[in-house]
Amino acid sequence: MTEQLRLMAVHAHPDDESSKGAATMAKYVSEGVDVLVATCTGGERGSILNPKLQGDPYIEEHIHEVRKKEMDEAREILGVKQAWLGFVDSGLPEGDPLPPLPEGCFALQDVDVAAEALVKLIREFKPQVITTYDENGGYPHPDHIMTYKISVAAFDAAGDPERYPDAGPAWQPQKLYYNQGFNRPRTVALHEGLLARGMESPYGEWLERWKKIQTKERTLTTYIPCAEFFEIRDKALIAHATQIDPDGGWFRVPLEVQKEIWPTEEYELAKSLVDTSLPEDDLFAGIREN
């Protein structure tokens, strides 16, 4: 295939792109693939999760600008392009009962209306492959679930010239994937591998919670070998300083152990308009050959 390969990764907030599929994106960038991150919201309502930065009055007052600068730095590290869809962060509601979502936030938008911004970006960028979240959002943050909804709607609508006629000439992506990097087989493998090496595992409580939840196992269809890009992934993640503590749980498993035990990032093929054989080791399987 002589046409430029293009990958679009749709995420809810700045920092999501660095914690979900970042090594995959860096790998494809290194191969000459054009990669665009579509960020649905500005992360305006995100909490400051790095204890070293909590209580900083400038950050608290200018969180939107700070998170934008963090996104710029992560984008440079990953070598990707990035676009904002312009929606407002819904925040993560907490309490029992849960409080109502803020008026005007992303999660309260009409799906058909909100999908137009993504359709426009798809038609401009012309990706063959799109990655996003599954129907549970990866975890049930209202913005992640809304990201799933508009991604599925936009994938179907982008190729229909009668839908969203003001959003540019129709373009039909060929494959849609759900990020499944936080999956049980990977977590079990890392947990057991650490214990076998006489090392402490951060996954014990996580696996116990998983047992209690009894969630249905996702179908992992696609394993992207990208261990050599784990350092880039971690560097991009650390760039989101308000969200990530460099001494925190994300980095408790040494990189060499991760590379040895589980050197891939995983996806679930949700829709494909091309023939492919499962399992895959390439998001463009069935496209490169056409």
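How do the residues of the lining of the largest cavity divide into nonpolar, polar and charged? There are five nonpolar, five polar and one charged. Here Ala, Val, Leu, Ile, Met, Phe, Trp, Tyr, Cys and Pro count as nonpolar, Asp, Glu, Lys and Arg as charged, and the others, Gly among them, as polar.

The structure is a predicted model, in which local features need pLDDT of at least 70 and side-chain atom pairs count only at pLDDT 80 or more, while totals for chains, interfaces and linings use all residues. Residues are numbered from 1 along each chain as its sequence is written, and side-chain values use heavy atoms, with hydrogens and water left out.

## The cavity and helix 2

Rolling a probe the size of a water molecule over the atoms shows where empty space is left. A cavity is a set of points, on a 1 Å grid over the protein atoms alone, where a 1.4 Å probe fits but cannot get out; lining residues have an atom within 4 Å of a point. Grid points are joined across faces, edges and corners, and a volume is the space filled by probe spheres set on the points. By this rule there is one cavity of 30 Å³ or more. The largest cavity has a volume of about 40 Å³. Its lining consists of Leu7, Ala9, His11, Lys20, Gly21, Thr24, Met25, Thr131, Asn179, Tyr267 and Leu283.

Helices (H or I, at least four residues) and strands (E, at least two) are DSSP runs, numbered from the N terminus. Strand 1 gives the largest share of the lining, three residues. Both strand 1 and helix 2 (22-30) supply at least two lining residues each.

Buried means under 20% relative accessible area, exposed over 50%, and partly exposed in between (1.4 Å probe, protein chains only). Helix 2 is largely enclosed by the rest of the structure, because seven of its nine residues are buried. These are Ala22, Ala23, Thr24, Met25, Ala26, Lys27 and Tyr28. Just after helix 2, Gly32 has a positive phi of about 95°.

## The annotated site

An unreviewed UniProt entry places the feature "binding site" at His13, Asp16 and His144. These three span 132 residues in sequence, yet no two of their C-alpha atoms are more than 9.6 Å apart, so they gather at one spot. UniProt positions are given in the numbering used here, feature names are shortened, and annotations may be inferred rather than shown by experiment.

His13 sits in the loop between strand 1 (6-11) and helix 1 (16-19), and Asp16 belongs to helix 1. A polar contact is a pair of N or O atoms within 3.5 Å; within protein, one must be able to donate a hydrogen and the other to accept it, and residues adjacent in sequence count only if both atoms are side-chain atoms. One such pair joins the backbone nitrogen of His13 to a polar side-chain atom of Asp16, at 2.9 Å.

Contact means heavy atoms within 4.5 Å. Leaving aside neighbours within four places in sequence, His13 is in contact with eight residues: Thr39, Thr41, Gly43, Arg67, Asp89, His141, Asp143 and His144. On the same basis, Asp16 is in contact with His11, Tyr133 and His144.

His141 lies in the loop between strand 4 (129-132) and helix 6 (142-157). Its side chain reaches the backbone nitrogen of Asp143 at 3.0 Å. Beyond four places in sequence, His141 is in contact with His13, Asp89, Gly91 and Leu92.

The table lists relative accessible areas.

| Residue | Relative accessible area | Class |
|---|---|---|
| His13 | 6% | buried |
| Asp16 | 4% | buried |
| His141 | 5% | buried |
| Asp15 | 11% | buried |
| Phe125 | 11% | buried |
| Lys126 | 34% | partly exposed |

## The end of helix 5

Phe125 is in helix 5 (residues 111-125). Not counting residues up to four places away in sequence, Phe125 touches Arg6, Leu7, Met8, Asp34, Val35 and Leu36. Its C-alpha atom is separated by 8.2 Å from that of Met8, 117 residues apart along the chain.

## Backbone details

Most residues other than glycine have a negative phi, and most peptide bonds are trans. Lys126, in the loop between helix 5 and strand 4, has a positive phi near 60°. Asp15, in the loop between strand 1 and helix 1, has a positive phi of about 110°. A cis peptide bond, with omega about 0°, joins Leu278 and Pro279. Pro279 is in the segment after strand 7 (264-272).

Key: 1 Å grid on protein atoms, 1.4 Å probe; cavity = no way out; pocket = protein on both sides within 12 Å on 5 of 7 lines; lining within 4 Å.
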